[in-house]
Amino acid sequence: MITRQAPATTEGRTIYKRPALLTNTTSYCPGCGHGIVHRLLAEVLEELGVGGRTLLVGSVGCSVFAYDYLRLDAIESPHGRAAAVATGVKRYRPDRVVFTYQGDGDLAAIGTAEIVHAAARGERFTTIFVNNGIYGMTGGQMAPTTLLGQRTTSSPTGRDPLLMGYPIRITEMLAQLPGVTYAARGSVADASQIGKLKAMIRRACMVQIEGGGFSLVEALSNCPVGWGMTPQESIEHLKGPVVEAYPLGVIVDRGAAAAGSAPAVPEA
């Protein structure tokens, strides 16, 4: 807990404390951004007062540890299938606040079909998509979101579009679907961006609480070990080339008003 010393006539004022939904320990690599996203989720769910009725659907990858650090009911899904599991959970228990927590390898590669069709159907859950542009847990292989020219264990000379294709902007792709009520991309690069990312997560959760369709927040994160950088170097890389490839901001916000009927087709 952090307190600020107030004038002698008043007591100290608490400006930050660890959310009750967040545990103390972490096993993430030094400098990893997953812990920041965990904290933001815990803060938002606690502030909204929905922690007791929230259910986390975990995925496979570094994101799998989310249920170790968030004091929430959780279900583990097979690799890439979190959106399918969340669909079943939310339809069976519409009173629950349901969200998936997925990395880019899990969501944008192995689970592409599941996330695309859940979004197309306008499933009423929220996806937190942590994009660090690499398969972090399994040794640093190239992912669908790996930048052009980026070296990984499976692209040792750099990602060549002629051989390996181009990075996928998965959030923009999903945002075109009328079943998506809200889609945004934030970053963990600095305090200002972290604050904006929290606002995006809060908005996505509110869309679900208010009965809206599918909501998605992409969190650009760093992977110092997988990128072969120091934590500070990885932050600078995140602020520069990564954001250039994946622009920040709200991509679509159709509001919750259309939740009761088929979503309108967006204008051309």
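Good morning. I begin with Arg53, which touches Asp95, Arg96, Val97 and Ile209, leaving aside residues up to four places away in sequence. The structure shown above is a predicted model, and every statement I make this morning should be taken in that light.

Arg53 sits in the loop between α1 and β3. Its relative accessible area is 35%, so Arg53 is partly exposed. The residue Val98 deserves a mention here as well: Arg53 and Val98 are 45 residues apart in sequence, yet their C-alpha atoms lie 8.6 Å apart in space.

Let me turn to the charged side chains. How many salt bridges does a search of the whole structure find? The search gives 13 salt bridges. I shall discuss three of them, beginning with a pair inside a helix.

Glu43 forms a salt bridge with Arg39, and the closest N and O atoms are 3.2 Å apart. Both residues belong to helix α1, where they are four residues apart, about one turn of the helix. Is Glu43 buried or exposed? Glu43 counts as buried because its relative accessibility is 10%, and the limit for that class is under 20%. Its partner Arg39, at 27% relative accessibility, counts as partly exposed.

The second pair is Arg81 and Glu114, whose side chains meet in a salt bridge of 3.2 Å, N to O. Arg81 lies in the loop between β4 (73-76) and α3 (82-92), whereas Glu114 lies in helix α5, so this pair ties together parts that are 33 residues apart in sequence. With a relative accessibility of 31%, Arg81 counts as partly exposed.

The third pair joins two strands. The side chains of Arg185 and Glu218 meet in a salt bridge at 3.0 Å, N to O. Arg185 belongs to strand β9 (residues 180-187) and Glu218 to strand β10, so here too the pair ties together parts that are 33 residues apart in sequence. Both Arg185 and Glu218 are buried.

Salt bridges can also share partners. In this model, such sharing joins Arg39, Glu43, Glu47, Lys198 and Arg202 into one network. The pair Glu43 and Arg39, which I described in helix α1, therefore belongs to that network.

I now move to the aromatic rings. A pair of aromatic rings is described by the distance of the centres and the angle of the planes. The structure holds three aromatic pairs. In one of them, Tyr28 and Phe65 are arranged edge-to-face, with 6.0 Å from centre to centre and 85° between the planes. Which parts of the chain does this pair link? Tyr28 lies in the loop between β2 (13-16) and α1 (34-48), and Phe65 in the loop between β3 (54-58) and α2 (66-69); the two residues are 37 residues apart. Tyr28 counts as buried because its relative accessibility is 12%, while Phe65, with a relative accessible area of 27%, is partly exposed.

Phe125 and Phe214 form another edge-to-face pair, with centres 5.4 Å apart and 85° between the planes. Phe125 is found in the loop between α5 (112-121) and β6 (126-131), and Phe214 in strand β10 (residues 214-220), so the pair links distant parts of the chain, 89 residues apart. Both Phe125 and Phe214 are buried. To complete the account of the rings, ring pairs link Tyr28, Phe65 and Tyr69 into a cluster.

My last topic is internal space. Rolling a probe the size of a water molecule over the atoms shows where empty space is left. The count comes to one cavity of 30 Å³ or more. The largest cavity holds about 50 Å³ of space. Its lining consists of Asn131, Asn132, Gly133, Thr145, Leu147, Gln150, Ser221, Trp227, His237, Val242 and Tyr246. What is the class make-up of that lining? There are four nonpolar residues, seven polar residues and no charged residues.

One of the lining residues is Thr145, located in the loop between β8 (141-142) and α6 (161-164). Thr145 is buried, as its relative accessible area is 2%. Beyond residues up to four places away in sequence, Thr145 touches Asp104, Phe129, Asn131, Gly133, Arg159, Pro167, Ile168 and Tyr246. Among these contacts, Asn131, Gly133 and Tyr246 also appear in the lining of the largest cavity.

Thank you for your attention.

Notes
Residues numbered from 1 in each chain as written. Predicted model: local features only at pLDDT ≥ 70, side-chain atom pairs only at ≥ 80, totals over all residues. Heavy atoms only, no water. 1 Å grid on protein atoms, 1.4 Å probe; cavity = no way out; pocket = protein on both sides within 12 Å on 5 of 7 lines; lining within 4 Å. Points joined across faces, edges and corners; volume = space filled by probe spheres on them. Nonpolar A, V, L, I, M, F, W, Y, C, P; charged D, E, K, R; others polar. Phe/Tyr/Trp six-rings, centres within 6.5 Å; stacked < 30°, edge-to-face > 60°. Buried < 20%, exposed > 50% of the residue type's maximum accessible area, 1.4 Å probe, protein only. Salt bridge = Lys/Arg side-chain N within 4 Å of Asp/Glu carboxyl O. Contact = heavy atoms within 4.5 Å.
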